[in-house]
Structures are given as C-alpha cells and as structure tokens.
Amino acid sequence: KSQVVPNKYANAELMKVPNFLHLTPPVIREHCAAISKFCTEWPAGLETEEDIEKHFPVSVTTSDYLNSSSSIRDRRSRIVQLKINVDSLPLDQHARDKLIRLVGNRYNEETGDILLVADRCPYRGQNEDYCKYLLTALLHESWRVEDWEIKQVEDKETFASEAELGESREALQNLLNHGESDATVRLYKEEVRKMLGLP
C-alpha cells in the first residue's frame, strides 16, 4: 500500500510484452505446479475422439494472435467458426434435406459437417453468440413445414428413379446426380439402347 503507483506515461510495466513466451522451461514447470491443485481429473468415458464428438458435437474454433508489442488487440481474433455434424442433430429426412439446402455451400458433403463463420461483430463473444443463434434458427426453420412444401411428389436433393418395366435406371441416376461425363453418358446410352431393344 505504501508503494508509489506509476504513471501511465513512461510506465515500464505497460511496455512489457503481455505473454509468457519469454519464460524458460523451469519457470513454466514452476507455474504448472502452482496451478495444478486447481485442475480436475479428465472425465471418464471420454478416452477417444469418437466419444468426445458424440457427447460434445459442437466445435467452436477461435484464433489468438501474438505480436511483439504491448498491445494484445488484433481484429482477426474476433472471427469465430462453429462446426457441427448433421448426423448429431435431431432431424428427420425432411428436416435434414431442408437444413442442407438452407446452409448451401457451408455443408461439406464428404464429412457431413456444417461450418458457420461469423466476423460481423467487433467482439469474439458476440460472434460466438451469433453463430449459436444462426444454428438455432436453422434448426427451427428446418423443422417447420410450410404449405407450399406439401406436395404429391416430394422434393429431393438427389434423383432416385423408380423401377420401370422391372428394370432400375442406375445410369440415369448417375447422370443426373453426378453430372455429365464420358463414362456416365456412355452408360446412359447403353441403358437406353437396351430398354428400346436397339442393337
């Protein structure tokens, strides 16, 4: 209490780099030993990555940037990425198809993950809340069934042909779902010639 409070101008403490990268390994071990009594044991049942993804399906990724200056501010650190797998969401076939259509190119077909990125707000916490709000709004909207969505023929993301004349149309499905290529066009040509009885 009797110490002199330094002024904010020409204060040596405020000019120091605000990180611990300058510490040596013995000092780091000393710090870890001091805070180890506040740590808890790793929860049982979370030994593998699959268990962690099952119990905690939402993954929030942020970035911190260290600079050799006295300021810890960096505008890039406000960016938040929220990732979740579609299979971990409580969705039926209609809601799953609608959710995938709503997120558009944010859905990865190979992994089944949805990636939401927010950087509109000035602070990281606000962007994280915005990502969670977006996910909640997408879930509620995907479960909602509008009047115009009720049709005799259900809309689907991929084409599935019904058996005609006792034969399946696998070549037609591949052509419409995977696009035109030399192989798909050739298989479709052979399938049509076979159905029409042409040589």
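Contact, as I'll use the word today, means heavy atoms within 4.5 Å. With that in hand, hello everyone, and let's start at one arginine. Leaving aside its neighbours within four places in sequence, Arg-78 is in contact with Ala-118, Asp-119, Cys-121, Pro-122, Tyr-123, Arg-124 and Asn-127.

A quick word on what you're looking at. This is a predicted model, where local features need pLDDT of at least 70 and side-chain atom pairs count only at pLDDT 80 or more, while totals for chains, interfaces and linings use all residues. Residues are numbered from 1 along each chain as its sequence is written, and side-chain values use heavy atoms, with hydrogens and water left out.

Now the overall picture. The protein has six helices and three strands; these are DSSP runs, helices being H or I of at least four residues and strands E of at least two, numbered from the N terminus. Along the sequence the pattern reads α-α-β-β-α-β-α-α-α. Of its 199 residues, 18% count as buried. Buried here means under 20% relative accessible area, exposed means over 50%, and partly exposed is in between, with a 1.4 Å probe and protein chains only. If we take contacts with a separation of 6 or more, residues 24 or more positions apart account for 55% of them.

Back to our arginine. Arg-78 sits in the loop between β1 (59-61) and β2 (80-85). What is the nearest side chain of opposite charge to Arg-78? That is Asp-119, 4.3 Å away, and Arg-78 is buried yet has no salt bridge. For the charges, Lys and Arg count as positive and Asp and Glu as negative, with His and the chain ends not counted. A salt bridge needs a side-chain nitrogen of Lys or Arg within 4 Å of a carboxyl oxygen of Asp or Glu.

Just along the chain we come to Val-80, in strand β2. Buried or exposed, what is Val-80? At 1% relative accessibility, Val-80 counts as buried. Not counting residues up to four places away in sequence, Val-80 touches a list of residues including Val-60, Leu-116, Val-117, Asn-127 and Cys-131. The C-alpha atoms of Val-80 and Cys-131 are 7.8 Å apart, although the two residues are 51 apart along the chain.

Next, the charged pairs. Side chains of opposite charge can pair when their charged atoms come close. How many salt bridges does the structure hold? The structure holds eight, and I'll show you some of them.

Arg-96 pairs with Asp-87, with the closest N and O atoms 2.8 Å apart. Of these partners, Arg-96 is partly exposed at 27% relative accessible area, and Asp-87 is exposed at 60%.

Then there's Arg-101 with Asp-97, a salt bridge at 2.9 Å, N to O. These two are four residues apart in helix α3 (residues 93-103), so about one helical turn separates them. That fits the general rule: an α-helix has 3.6 residues a turn, so residues three or four places apart point the same way. Arg-101 is partly exposed, with a relative accessible area of 41%, whereas Asp-97 counts as buried at 16%.

Another salt bridge joins Glu-141 and Lys-98, at 3.9 Å from N to O. Glu-141 is in helix α4 (residues 124-143) and Lys-98 in helix α3, so this pair ties together parts that are 43 residues apart in sequence. Glu-141 is partly exposed at 27% relative accessibility, and Lys-98 is buried at 10%. Through shared partners, salt bridges join Lys-98, Glu-141 and Arg-144 into one network.

Let's stay with α3 a moment. Its buried residues are Ala-95, Asp-97, Lys-98, Leu-99, Ile-100 and Val-103. What do the buried residues of α3 pack against? They pack against β3 (113-118) and α4. Following α3 comes Gly-104, with a positive phi near 65°.

Over in helix α4 we find His-140, which counts as exposed at 56% relative accessibility. The C-alpha atoms of His-140 and Leu-99 are separated by 9.5 Å, and the two residues are 41 apart along the chain.

One last stop, for those who like rings. Arg-76 lies over the face of Tyr-65, at 4.0 Å from the ring centre; the test is NZ of Lys or CZ of Arg within 6 Å of the ring centre and within 35 degrees of the ring normal.

That's my tour, and thanks for listening!
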